[in-house]
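Please look over the sequence and the model shown here before reading on. The paragraphs after it are meant for a reader who has not met this structure before.

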Amino acid sequence: MDIVIGLAIGLPLGFLAALGLAIARAGGLGKAITGLSVAGRANQDAAFAAKLQAILGGGDVKTAEPPKPVKPSGAPLRMLALLQAESRLVDFLLEDIQGASDEQIGQAVREVHKKAQAALKQHLVLEPVLPGNEDEQVTVPKGFDPSAVRVVGNVTGEPPFKGAIQHPGWRVKEMKLAAPAEGADEFVLQPAEVQIP
């Protein structure tokens, strides 16, 4: 009977003493609970367990570098770069023309138009999205491509829609643009120019 009483008193006291030592070694009850949750996660997650072993072994844990954002393609800007090179279109659009006379603006527009049109015709084959001219009647069928045809005005119900062409749209049928030079930054529409004396 003394053995049973000794075990009944000794086991709970021993457990409390061990728990007290564990809490003291961890630095507090909260840290002891965190340690138990870390141990539980290491039991469930092999990758986490490997990192934990590396830390406990004194090794450095290298975190994976986040992937660098993908630089968007500059391909759509190549045509704008050509229009700049051939007709100085970007320069014209960004120039402050408030103080220029109508005659000066007309002369500049005529030159930009002629050169930009030549560049477009040289590098793109364009076709209208819709056959027909402005103000002609057209039927927009069911299942139309909304990126190719924008229906505006009093739009109600389901297609087909009947209406007048406001603009026939443009679609690029063929593009004749050279690939950029190796290592070239496609986001540079025109390089800066420096005159050396």
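What follows goes from the chain as a whole to its helices, its salt bridges, its surface and its pocket.

This is a predicted model, in which local features need a pLDDT of at least 70 and side-chain atom pairs count only at pLDDT 80 or more, while totals for chains, interfaces and linings use all residues. Residues are numbered from 1 along each chain as its sequence is written, and side-chain values use heavy atoms, with hydrogens and water left out.

The secondary structure of the protein chain consists of six helices and four strands, where helices (H or I, at least four residues) and strands (E, at least two) are DSSP runs numbered from the N terminus. Read from the N terminus on, the order of these elements is α-α-α-α-α-α-β-β-β-β. Of the 197 residues in the protein chain, 14% count as buried, a term that stands for under 20% relative accessible area, with exposed meaning over 50% and partly exposed what lies in between (1.4 Å probe, protein chains only). The accessible surface of the protein chain comes to about 16,100 Å², and 60% of it belongs to carbon and sulfur atoms; such areas come from the Shrake-Rupley method with a 1.4 Å probe, and for residues only the protein chains shown count as cover. Among the contacts in the protein chain with a separation of 6 or more, 66% are made by residues 24 or more positions apart, a contact being heavy atoms within 4.5 Å.

Three buried residues give a view of how the helices meet. Q84 has its place in helix α4 and is buried, with a relative accessible area of 2%. Not counting residues up to four places away in sequence, Q84 touches L89, V90, D91, L189 and Q190. One of these partners, L89, is found in helix α5 (residues 89-94), and L89 is itself buried at a relative accessible area of 18%. Apart from its neighbours within four places in sequence, L89 is in contact with L83, Q84 and V112. The C-alpha atoms of L89 and V109 are 9.5 Å apart in space, although the two residues are 20 residues apart in sequence. The third residue, A116, is found in helix α6 and is buried, with a relative accessible area of 12%. A116 touches L83 and S87, again leaving out residues up to four places away in sequence, and its C-alpha atom is separated by 9.4 Å from that of A85, which lies 31 residues away along the chain.

Charged side chains add another set of links. Side chains of opposite charge can pair when their charged atoms come close. The structure holds four salt bridges, each defined as a side-chain nitrogen of Lys or Arg within 4 Å of a carboxyl oxygen of Asp or Glu. In one of them, the side chains of E186 and R78 meet at 3.0 Å, N to O. This pair links distant parts of the chain, since E186 is in the segment after β4 and R78 is in helix α4 (residues 75-87), 108 residues apart. Both ends are partly exposed, E186 with a relative accessible area of 22% and R78 with 23%. A salt bridge also joins K115 to E111, the closest N and O atoms being 3.3 Å apart, and here both residues lie in helix α6 (residues 102-123), four residues apart, about one turn of the helix. K115 is partly exposed at 36% relative accessibility, and E111 is partly exposed at 35%. The side chains of R88 and D91 meet in a salt bridge as well, at 3.4 Å, N to O; R88 is partly exposed, with a relative accessible area of 40%, and D91 counts as partly exposed at 36%.

The surface and the pocket remain. L126, W170, V172 and M175 form a nonpolar patch on the surface, with about 430 Å² of accessible area together. Patches are made of residues with over 30% relative accessible area and no salt bridge, like charges being joined within 9 Å and nonpolar side chains (Val, Leu, Ile, Met, Phe, Trp, Tyr) within 5 Å. Of the patch members, M175 is found in strand β4 (residues 171-175). The largest pocket has a volume of about 510 Å³, the space filled by probe spheres set on grid points that are joined across faces, edges and corners. Of the 22 residues that line this pocket, the closest to its centre are V149, R150, V151, V152 and A164. A pocket is an open set of points, on a 1 Å grid over the protein atoms alone, where a 1.4 Å probe fits, with protein on both sides within 12 Å along at least five of seven lines, and lining residues have an atom within 4 Å of a point. Strands β2 (137-140) and β3 (161-164) each supply at least two residues of the lining, and the largest share, four residues, comes from β3.
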